[in-house]
Amino acid sequence: MGASARALSFLLLGLLLTSFPGALGANPGLVARITDNGLEYVAKEGLVALQRALHRITLPDFSRDFRIKRIGRGNYEFHSLDIRSCELLGSALTLLPGQGLSFSISDSFIWVQGKWKVRKSFLKLQGSFDVQVKGITILVNLLLGSEPSGRPTVTTSNCSSHIRDVEVDMSGDLGWLLNLFHDEIESKFRKILESKICEMIQKSVISDLQPYLQTLPVTAEIDRFASIDYSLTEAPRATAQMLDVMLKAEIFNHDHRSPAGFLAPAMRLPEEHSRMVYFAISDYVFNTASLTYHGAGFLNFSITDDVVPPTSNIRLTTKSFRPFAPRLARRYPNMNLELQGAVVSAPFLNFSPGNLSLAPEMEIEASVILPSSIREPVFRLGVVANVSATLIFNASKITGFLKPEKIQVELKESKVGAFNVELLEALLNLHIINNLYPKVNEKLAEGFPLPLLKHIQLYDPVLQIYKDFLFLGANIRYMRV
């Protein structure tokens, strides 16, 4: 990506990391917001990149025929124009309510060098010149929209540049002659530079910035069967206080996508301004993830005697059950048992101020493994687990882990009479803590990516938990390549 695109891409960074909570229609799953600190950073970075881009402007040659009393007719030409230095001193990024952004640069300077030549009859003379261009101001509006695919779009509007002062200094034998056309030459330089600046910006938006915006991950892969939908739910919005984009942020199965069956909650974002950007991630994101992985059977498990630790007080054999379930041992003597567990429904993550928790409900069916290897169900257990969750926010993704508490086991149904489930409860606690939770935490450690443009990193994160959503603040850094 060219430097000019990088300049303008920073103007759009706030757009791609923001969202508007009061829009019509379905609520977004992810809301992000850029603050004044973020806009200030974007403006400074854009200024640096735009300064490099201006060095690459190709200025056209220009010439003119002239006629001067006592000298006669002739022609002068200015060619090989080259921008030797450029210093952009002041920049500002402001919001255009209902439209997008306005980027302005003021009190700037350009130094141009080149060559001149004069022809009169058979006479040809030449020399060099310097042009000091002072008091440059640039103003361009960026109109923000979205494609049907959910990707952002940008077009320019009302680009203008103005030069306060142009000073031309000529050297050479006939420099004095060209000084006669001083005002005319300075006016020509002013018009050339003013038009070239806006031409460069407009071309860069089309050829560099818009393709760069396509790097926003409308669909970001999480693993081999799940992805997250980061499409824009509507065109970006700008108000007098903020620049916002709403993202769907729904996790779904690659192969069998179906509606979530519930809506994202409305989020009322707190007034925070210490970081450059803020993300509000609703419980909708995490609950669609739970729905997806539950539907894929990720939380199902099986326990047989060979996985029971040797130190356990109970084995998964009918003989081991004899003291508290004698009918089981008599009906199925010296046979092994298998426990098949499944979460009854997708467990939803509960957000409350300062706390994340969930309470998955499981059903466990115990079967006797007959000599023919057929499984014959003998009893069914209900299990409730209270779990606290911790989420971690790093430079590009959200990760987390679960902290289990003791489960509660209830005998739901039995074909071998009622019995005490305390020993089974201890066995299940051991298995779930040592096997099921590590499996889930390994998946949570992979996390899911945040919707960022290429080469953008987040740092200085801060995390707060509110009702129905996480509020994540961070500063932004563009990694130049």
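Which cysteine does a disulfide join to Cys159? I opened the predicted model to find out. The partner is Cys198, with the two sulfurs 2.3 Å apart.

**Entry 1: cysteines**

I counted 1 disulfide here. I looked up where its two ends sit: Cys159 belongs to strand β7 (residues 152-170) and Cys198 to helix α4 (residues 182-213), so the link ties together parts that are 39 residues apart in sequence. I then read the torsion about the S-S bond, which is -95°, making the link of Cys159 and Cys198 left-handed. Both ends went into my accessibility column: Cys159 counts as buried at 19%, and Cys198 counts as buried at 8%.

Why is Cys86 not bonded to Cys198? I checked the sulfur distance, and it is 14 Å from Cys86 to Cys198, its closest cysteine sulfur; the cut-off is 2.5 Å, so this is too far for a bond. Cys86 is buried as well, at 8% relative accessibility.

**Entry 2: the hairpin with β7**

Next I followed β7 to its neighbour. Strand β6 (residues 123-146) pairs with β7 in the antiparallel sense, over 16 bridges. I noted one facing pair, Asn141 opposite Ser157 in β7. The two strands form a hairpin with 5 residues between them, and in the turn I found Gly150 with a positive phi of about 95°.

**Entry 3: a three-stranded sheet**

I traced an open sheet of 3 strands in the order β8-β9-β12, with antiparallel pairing. β8 (219-221) and β12 (250-253) are the edge strands with a single partner each, so each has one side without a neighbour in the sheet. On average, neighbouring strands in this sheet are turned by 30° against each other, direction ignored. I found 4 bridges joining β9 (residues 226-229) to the antiparallel β12, and Ile228 stands opposite Ile251 in β12. Which helix packs on this sheet? Helix α5 (residues 283-295) does, touching β9 and β12, and its direction makes about 10° with that of β12.

**Entry 4: aromatic pairs**

My tally came to 21 aromatic pairs. I picked out two of them.

Phe262 and Tyr284 are edge-to-face, 5.6 Å centre to centre with 70° between the planes. Phe262 lies in the loop between β12 and β13 (277-282) and Tyr284 in helix α5, so this pair ties together parts 22 residues apart in sequence. Phe262 is partly exposed at 22%, while Tyr284 is buried at 7%.

The ring centres of Phe379 and Phe419 are 5.0 Å apart and their planes stand at 70°, so I logged this pair as edge-to-face too. Phe379 is in strand β19 (residues 375-384) and Phe419 in the loop between β22 (408-414) and α7 (422-446), 40 residues apart. Buried or exposed? Phe379 is buried at 3%, and Phe419 is buried at 10%.

I also logged one aromatic cluster, formed by Phe62, Phe78, Phe129 and Phe189.

**Entry 5: nonpolar cores**

Which residues touch the most other members of the largest nonpolar core? In this core of 138 residues they are Phe78, Phe189, Phe279, Phe286, Phe321 and Leu328. Helix α4 gives the largest share, 12 residues. I listed the contacts of Leu328, leaving out residues up to four places away in sequence: Thr318, Phe321, Leu337, Val368, Val378, Phe379 and Val416. Apart from the largest core I found another one, of 7 residues, including Met267, Leu269, Ala280 and Phe471.

Terms used: Residues numbered from 1 in each chain as written. Predicted model: local features only at pLDDT ≥ 70, side-chain atom pairs only at ≥ 80, totals over all residues. Heavy atoms only, no water. Buried < 20%, exposed > 50% of the residue type's maximum accessible area, 1.4 Å probe, protein only. Pairing = 2+ DSSP bridges. Axes fitted to C-alpha atoms, helices over the stretch in contact; angles between N-to-C directions. Contact = heavy atoms within 4.5 Å. Core = buried A, V, L, I, M, F, W, Y, C linked by side-chain atoms within 4.5 Å. Phe/Tyr/Trp six-rings, centres within 6.5 Å; stacked < 30°, edge-to-face > 60°.
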